[in-house]
Amino acid sequence: MLPPHRWIGVVKWYCWKFIVVLAVVQLGGVNGQRMKDNMYTPMIGAHCFRRLNGTHVTGCSSNNGGSVGVLHVINSQEDIDFIVHKHPSPPYAPIVPPALYTRENILRLRDEAGPYVSVLVLMNNASGLEQFSQESRCPNQYSGLASAMRTHVEATADDEQRCSTDRPEDSWNPWGSGLLQEDFPFPIYYVADVSEMDKLIECYEKFNAYDLDRQHQRSLCSIEVKAFMSAAVSTEMCIRRSNTHSSLFPATKYCDPLQGKNVYATLFPRPPVPEEQRVEKPERIVLVSTRTDTTTMFDGVGIGAMDSVVPFAVLVSVAHFLSKALPRNDRNVLFVFFNGESYDYIGSQRFVYDLQSGAFPSRGTQTMPISMDNIELMIDIGTLDDLTDLHVYHAAPQPMALKLAEVLRKVNDKHKFGIQSGLPNLTTNLPPVSAQSFLRENISFPAVILTSKPGNRFYHSIYDDQENLRYRYGNHSKKYDFTVLEDLTLGDRRELYGPDSLQMRIRNASTLIGMSIYELLVGQAYLKQNGTNSVLIDEFLHCFLESADCPLFRATVKPETPRVYPAPPSRYISVHSSLTADSTGWTYRVLGLLLGQKVENVTKAECAALHLPYQWMAGYGGTGECRRTTQNMSLALSPAFLNETYDFTSYRYSTWTESTWSEMSARIFLRPSPSHETLTLSIGIVVMVISFVLVFLVNSRSDVLFNQGSTSSIPIATQPTQC
């Protein structure tokens, strides 16, 4: 047993050792964090992600731990050749400008340079860009009427009427590259911010841009992108994996069905009916519809300005016009704003399914069900790339198609809107519109499509924005009430928006369509000199293209509601089953304001006591008002996910899902050269060997170093003697 003074020494030694170790850990943690911050620079951008359907997978994914590549700017075909043929320091992360982001170049990087490319970076540079669309030349090619007819009839001369990706001149998106339908084994990262682009270019030029053939001899600027997607192969495989679990492997979701909500409203209120009396009756309905969603390759980027916001604004204006202009009629008008149409008509397919099964409207509305037999006419508004040139399409002989085309020409001639509209086109090569879901069930369904010839060179892309429309916010709502109709005698309002403004072109087109529908319903022309409101259109575009913190949206909520984030609401359909997307909620509230009947002399408390469909909202003045509304929502989820035995290869319904992921991030850093890595490894080995030798020597001489095995010869102090 050690003597007491030795115990004290040992305790002191261990205490000092503990203090030193604690200090080293603290300092090491701080320095380690600083070192990490110095090594990596985070990037801000948008990720390409993975979607799946019944037979294929599309989109992008990184490796499980992230993908790393050496930055290499692509300015010409020679730069692509360098990666394909030379690649001295793979793997690479090509930085591609939009002008070179073509199908040929991207597929070449995937197929020919696949082993040498691990990341692809898309830079934001729209200057001089003439076209940029990753959508197919024939959107929704395998879910429309022509595809359904082809499954029953062998190829004939009628194939010439079908949209073909091989004939751009006859397609509905001539500028499409089809990259949205391709699968990439590496992540694609979009950098939009100028400062973020400067980081990449500065790092590349400082370390990578010179002496390319001997890149492997020095440290290089690289990027790491983490965007691993859980799903693979197809929707069917993904759902099967998600449903396979046990005690050892708990349930894990690998993908979610694309879903959202359709928004609809009736022109006139439909009375509640007791449940036992809710049977189909010969109610006459005119259905007017369009789509509200859009899509791009990248998460959270893309607002679909021309492809869907323009027809969206037109239909909202038409609905507002009819609510003010049309007296009570024996036919009601049902306005429907479909969601998820970019992915094989998810919203309209579910709408038709609900009509056929007696599930529309839902029981919660306490109204009579509506079936397809109740619909006398469907007017479906497609893309309106050219608002001065409207075309009418129908798939089967429809007298109302001829009538609509005739009324459009008549109203235009009377009011001098300057809009052309020729004879109806009878064809099965229909544009990608929601009416296709109805015509698949019955080609004789009374559907008429109103659209224009393709003119959007940025369809379903990040550049289909307000610049593509040449839209400039007028901001005149403080002076002009946007909830009333506009006097057509005021002219082209160039004092508000300038000459040939988008606001006035939409005003003219929506007024033309609204007056034409009025005449079809009433049987006589609209005689007043009122049209749709250009200020309403201006505010609507501002809200959905630039900022949700806008006068129109603020008028649809309660006066005390906090202001929202000043960014446009996303209109991608999403995968949320319970949450309502912001864009859907705003559509619902805007319809309540514009179509709802104002109830006079009612307080907020009295309006709340009335319950739905009465709603209290700020109104144009912002002080609050009560309105009896007719708008509602219905589920936009493909019927394919309602049947556990559904054949996912049948193309009957949309089968699109979105992969799940755990993390999305990107950062740049300096990848060390091979010589640097070798030196670091060598130093590590030398330090390890020296450590082993020192430990061996210390251990072998421990009895000498620590004086173990000997006892102290110093006597213990005794009590002092008494003097």
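Student: Why is Arg 493 called buried?

Tutor: Buried means under 20% relative accessible area, exposed means over 50%, and partly exposed is in between (1.4 Å probe, protein chains only). Arg 493 has a relative accessible area of 3%, so the residue counts as buried. Before we go on: this is a predicted model, where local features need pLDDT of at least 70 and side-chain atom pairs count only at pLDDT 80 or more, while totals for chains, interfaces and linings use all residues. Residues are numbered from 1 along each chain as its sequence is written, and side-chain values use heavy atoms, with hydrogens and water left out.

Student: Where does Arg 493 lie?

Tutor: In the loop between strand S20 (486–487) and helix H12 (494–497). Those labels are DSSP runs numbered from the N terminus: helices are H or I with at least four residues, strands are E with at least two. Arg 493 also sits 7.6 Å from Met 504, C-alpha to C-alpha, with their positions 11 residues apart in sequence.

Student: What makes Arg 493 and Glu 486 a salt bridge?

Tutor: The term needs a side-chain nitrogen of Lys or Arg within 4 Å of a carboxyl oxygen of Asp or Glu. Here the closest N and O atoms are 3.1 Å apart, so the pair qualifies. Glu 486 is at 4% relative accessibility, so that partner counts as buried too.

Student: How many salt bridges does the whole structure have?

Tutor: A search finds 32. One of them joins the side chains of Glu 376 and Arg 284, at 2.6 Å from N to O. That pair links distant parts of the chain, 92 residues apart: Glu 376 is in strand S15 (residues 375–381), and Arg 284 is in the loop between strand S12 (259–266) and strand S13 (285–291).

Student: Are Glu 376 and Arg 284 buried or exposed?

Tutor: In between. Glu 376 has 32% relative accessible area, so it is partly exposed, and Arg 284 gets that label at 31%.

Student: What about Arg 554 and Asp 549?

Tutor: Their side chains meet in a salt bridge at 2.8 Å, N to O. Arg 554, at 31%, is partly exposed. As for networks, Arg 103, Arg 110, Asp 111 and Glu 182 are joined into one by salt bridges that share partners.

Student: Why is Glu 205 called exposed?

Tutor: Because its relative accessibility is 51%. Glu 205 is in helix H5 (residues 194–207).

Student: What makes Glu 205 part of a patch of negative charge?

Tutor: Asp and Glu count as negative, Lys and Arg as positive, and His and the chain ends are not counted. Patch members have over 30% relative accessible area and no salt bridge; like charges are joined within 9 Å, and nonpolar side chains (Val, Leu, Ile, Met, Phe, Trp, Tyr) within 5 Å. A charge is placed at NZ of Lys, CZ of Arg, CG of Asp or CD of Glu. Glu 205 gathers with Asp 193, Asp 198 and Glu 202 on the surface.

Student: Which residues form the nonpolar patch?

Tutor: Leu 681, Ile 685, Met 688, Val 689, Phe 692, Val 693, Phe 696 and Leu 697, with about 810 Å² of accessible area together (Shrake-Rupley method, 1.4 Å probe; for residues, only the protein chains shown count as cover). Ile 685, in helix H18 (residues 674–700), is partly exposed at 41%.

Student: What does UniProt list for residues 679–698?

Tutor: An unreviewed entry there gives "transmembrane region". UniProt positions follow the numbering used here, feature names are shortened, and annotations may be inferred rather than shown by experiment. In the model, the span is 100% helix and 0% strand, with its end C-alpha atoms 28 Å apart.
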